[in-house]
Amino acid sequence: ILIEVGETIAVNTPILILGAKDEELSAEYIDSLMGELGAPSAAPATDAVAAQSPAPAQGPAPAAVAAPKGAKVVRLPQLGQTMEEGTIVNAFASVGERIGKGDVIFEIETDKATLEMESPAEGFVNRILVQIGETVPVNTPIMILGAEGQEIGHDYIDSLKAGGAATPQTAAQAAETASAEAEAEAPKTTPAAGGRIFASPRARTVAAELGVDLHRVRAAAGAARITEDDVRRAAKSGTAKGPAGGESKYDLGDKVPVSRLQKIVSERMLKSKQEIPCFYLNVVVDMTDIVKLRTRLNRTGDVKISFNDFLIRAVAIGLENYPIMTGQLAGDYVQLADQIDIGLAISTPEGLAAPLIRDAGNKTVRQIAEYGKGLIERARSNKLTLDDLEGGCITVSNLGGFGIDSFIPIVVPGQCSILGVGRIADTCMPIDGNIIVRKMMNLNLSVDHKVANGADAAQFLDYVKKMLEHTSTFE
């Protein structure tokens, strides 16, 4: 038993060793285990331990090499239940630098979002074992901490990499490459349109607030990423304002890099089209009264209510009345959701994200607006968490702000349907023998036919339409 009662330890710290009765373990093996941070040791494990490990199956590991005294191995943690690997987007520490526990040391792109990784311990960076842009499995050794100037033998480095499925190059090469690539990635000149932007979360937030295009911002000399000061300096100079409405940020002939997030989205959309048999429903909604109500409600209150907030509220009530629309096929039955979580499609600098309005069924329109504002800010500053993204019953995708009248969206795998929302347009309508201008909007619902049939989905969509046309529910 490797820990004491009352001791506070990091997630994935080794705490217990199982083995044969009276089996002897060497002190060197115990010491090597205690030098691990962020994941279980790469040394041989019992079948029970190996079966529970999220790392990919590996062949027999080499004999363990004792960890040098004071050396601490930092491994790639599992940042979400579905995470199997991560891409090293940026490194915020360099060899020889002293870092404290909780300091941000890497930026990791997972299958859901880009997240900052904090150091689980303090010490001096002895080795960086991964390169920027490299994708490695969970539990891979990515950094070694130690005492200042401490020498760590190559046999220990090689043992780590052999057992941790890290890149086969030497630790020295990894550290040199990471340092060189971090320097190369620093945007000393304006980045090419559409290229990967290395910027702090705060810089992204300020850029969104000031209307600054990060592709046109230069980092300070020698810096690895754009900071808030760089953004404010660019905004003051007026040289980095975002493109005018309708103007593309790309030029003909550009090679536009595809981020890991974009790859994940494309894979999931392909999976959706291959595995989800969809049917599509369309209604036209009279939003005239909602437009008036929104104007009246926004005269008071700190948070402005958007049309999306009314839509999400109407959809949530519709799902409560037609819960089959929350389901997912699970073998020989349809599993309905425990609560109503609704995704909101948001365009971010890194690509498309659809964070969730959690428990939308128990929120008022204004509460949805407050919750959604935080989601949008986190999405545009690249600070969404995995809890913001995992699960959901349905997604609302609104392209009305781009002048789109109608479109057919693709169902997000794991959800039953998705609602495509068009613009609100003045339309001449015949009413009681007169021609009256009303504010009309198209709704298109894409539905997984494995879960719901046409009648269920039609009643649900008609209910949402009536909710939007009778505003007393939102008062």
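**Group meeting: a walk through the strands and one helix**

Hi everyone, let me start with one pair of residues: Gly86 stands opposite Val136 in β8. Before going on, the background: this is a predicted model, where local features need pLDDT of at least 70, side-chain atom pairs count only at pLDDT 80 or more, and totals for chains, interfaces and linings use all residues. Residues are numbered from 1 along each chain as its sequence is written, and side-chain values use heavy atoms, with hydrogens and water left out.

When I say helix or strand, I mean DSSP runs numbered from the N terminus: H or I with at least four residues for helices, E with at least two for strands. Strands pair if DSSP finds at least two bridges between them.

Back to β3, then. Strand β3 (residues 85–91) is largely enclosed by the rest of the structure, because 6 of its 7 residues are buried. Buried here is under 20% relative accessible area, exposed is over 50%, and partly exposed is in between, with a 1.4 Å probe and protein chains only. Strand β8 (residues 135–137) runs antiparallel to β3, and 3 bridges join them. With strand β5 (residues 104–109), β3 pairs over 4 bridges, again in the antiparallel sense. One of the partners there is Glu109 in β5, which is bridged to Thr87.

Now for the chain as a whole. It has 12 helices and 19 strands, and 45% of its 475 residues count as buried. Taking contact as heavy atoms within 4.5 Å, 65% of the contacts with a separation of 6 or more are between residues 24 or more positions apart.

Next, please look at the open sheet of 6 strands, in the order β10-β19-β18-β17-β13-β16, with mixed pairing. Which strands stand at the edges? They are β10 (278–286) and β16 (356–357); each has a single partner strand, so one side of each is left without a neighbour in the sheet. Further in, strand β13 (residues 342–344) and β17 run parallel, joined by 3 bridges, and Ile342 has Ile394 in β17 as its bridge partner.

My favourite residue in this sheet is Thr395, in strand β17 (residues 394–398). Thr395 counts as buried because its relative accessibility is 2%. Leaving out residues up to four places away in sequence, Thr395 touches several others, including Gly343, Leu344, Val412 and Gln415. With Gln415 there is also a side-chain polar contact of 2.8 Å. By polar contact I mean a pair of N or O atoms within 3.5 Å; within protein, one must be able to donate a hydrogen and the other to accept it, and residues adjacent in sequence count only if both atoms are side-chain atoms.

A second threonine, Thr288, is found in helix α8 (residues 288–297). Is Thr288 buried or exposed? Thr288 is buried, because its relative accessible area is 8%. The side chains of Thr288 and Asp286 share a polar contact of 2.7 Å, and Thr288 also touches Arg438 and Lys439, not counting residues up to four places away in sequence.

Helix α8 also holds Lys292, which is exposed, with a relative accessible area of 55%. The C-alpha atoms of Lys292 and Thr471 are separated by 9.8 Å, although the two residues are 179 apart along the chain.

Last stop: Ile9, in the segment before α1 (27–34). Ile9 is partly exposed, at a relative accessible area of 36%. Thanks for listening, everyone!
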